[in-house]
Amino acid sequence: MTARRRPNPIQWLGYCFGRTLPHSMQDWVRNDLVGEWAVPRHLIRGMVPFLPIFAAFFLFPGPVWLNASMTLLGVILAMFYSVAYM
């Protein structure tokens with residue numbers, strides 16, 4: 001059986017939520033954390049757990065601009081903490 005070089009979508013989602021990947025993907029994880037384009041990947045990976053919350057903001061009653069404003073405020077706050085903990 002050959003080792004996978006990249007995680008499948010389910011493994012990647014687990015990785016976004018903090019799960020570890022198999023040891024065979026250690027090179028992929030190293031590149032993901034410190035390789036080229038690591039900062040944008042970190043910011044995207046940091047936003048994935050918040051997507052259900054951002055989607056729930058659009059279920060609140062009120063005008064669309066208000067829901068979009070709540071979502072934007074959440075994205076800015078999550079981005080701030082993601083950059084701070086990078």
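**Helix packing and salt bridges in a predicted model**

In this predicted model, helices α3 and α5 pack with their axes 10 Å apart, at an angle of about 130°.

Visitor: Is the packing of α3 against α5 parallel, antiparallel, perpendicular or oblique?
Guide: The angle between α3 and α5 is about 130°. Angles over 145 degrees would count as roughly antiparallel, and 65 to 115 as roughly perpendicular. The value for this pair belongs to neither range, so α3 is oblique to α5.

Visitor: Is the crossing of α3 and α5 left-handed or right-handed?
Guide: The two helices meet through H42, L43, G46 and M47 of α3, which contact V75, A78, M79, S82 and V83 of α5. The crossing of α3 and α5 is right-handed.

Visitor: Which residues of α3 are buried, and which helices help to cover them?
Guide: The buried residues of α3 are A38, L43, R45 and M47. Two of these, L43 and M47, also take part in the contact with α5. The cover over the buried residues of α3 includes α1, α2, α4 and α5.

Visitor: How many salt bridges does a search of the whole structure find?
Guide: One of them joins R30 to D27, and another joins R41 to D32. R45 also forms a salt bridge with D32. The search of the whole structure finds three.

Visitor: Which residues are linked in a network of salt bridges?
Guide: The side chains of R41 and D32 meet at 2.9 Å, N to O. R45 pairs with D32 as well, the closest N and O atoms being 2.5 Å apart. The linked residues are therefore D32, R41 and R45.

Visitor: How many residues apart in sequence are the parts tied together by R45 and D32?
Guide: R45 and D32 form a salt bridge. R45 lies in helix α3 and D32 in helix α2, so the pair ties together parts separated in sequence by 13 residues.

Visitor: Is D32 buried or exposed?
Guide: Buried means under 20% relative accessible area. D32 has 3% relative accessibility, so D32 counts as buried. Its partner R45 is buried too, whereas R41, at 25%, is partly exposed. The answer for D32 is buried, at 3%.

Visitor: Which helix holds both R30 and D27?
Guide: The closest N and O atoms of R30 and D27 are 2.8 Å apart, in a salt bridge. R30 is partly exposed at 44% relative accessibility, and D27 is exposed at 54%. The two residues are three apart, about one turn of the helix, and both lie in α2.

Visitor: Which residue has a side-chain oxygen that reaches the backbone nitrogen of I10?
Guide: This contact is found at the start of α1, a helix that spans residues 9–16. The side-chain oxygen comes to within 3.1 Å of the backbone nitrogen of I10, and it belongs to N8.

Visitor: Which residues of α1 are buried?
Guide: The cover over the buried part of α1 includes α2 and α3. After α1 comes G18, with a positive phi near 105°. The buried residues within α1 are G14, Y15 and C16.

Visitor: Is W37 buried or exposed?
Guide: W37 lies in the loop between α2 and α3, and its side chain makes a polar contact of 3.5 Å with the side chain of E36. Residues over 50% relative accessible area count as exposed. At 60%, W37 is therefore exposed.

Notes:
Residues are numbered from 1 along each chain as its sequence is written. This is a predicted model: local features need pLDDT of at least 70, side-chain atom pairs count only at pLDDT 80 or more; totals for chains, interfaces and linings use all residues. Side-chain values use heavy atoms; hydrogens and water are left out. Buried means under 20% relative accessible area, exposed over 50%, partly exposed in between (1.4 Å probe, protein chains only). Helices (H or I, at least four residues) and strands (E, at least two) are DSSP runs, numbered from the N terminus. Contact means heavy atoms within 4.5 Å. A polar contact is a pair of N or O atoms within 3.5 Å; within protein, one must be able to donate a hydrogen and the other to accept it, and residues adjacent in sequence count only if both atoms are side-chain atoms. A salt bridge is a side-chain nitrogen of Lys or Arg within 4 Å of a carboxyl oxygen of Asp or Glu. Axes are lines fitted to C-alpha atoms, for helices over the stretch in contact, and angles run from 0 to 180 degrees between N-to-C directions. Angles under 35 degrees count as roughly parallel, over 145 as roughly antiparallel, 65 to 115 as roughly perpendicular and the rest as oblique. A crossing is left-handed if the near helix is turned anticlockwise from the far one by less than a right angle, and right-handed if clockwise.
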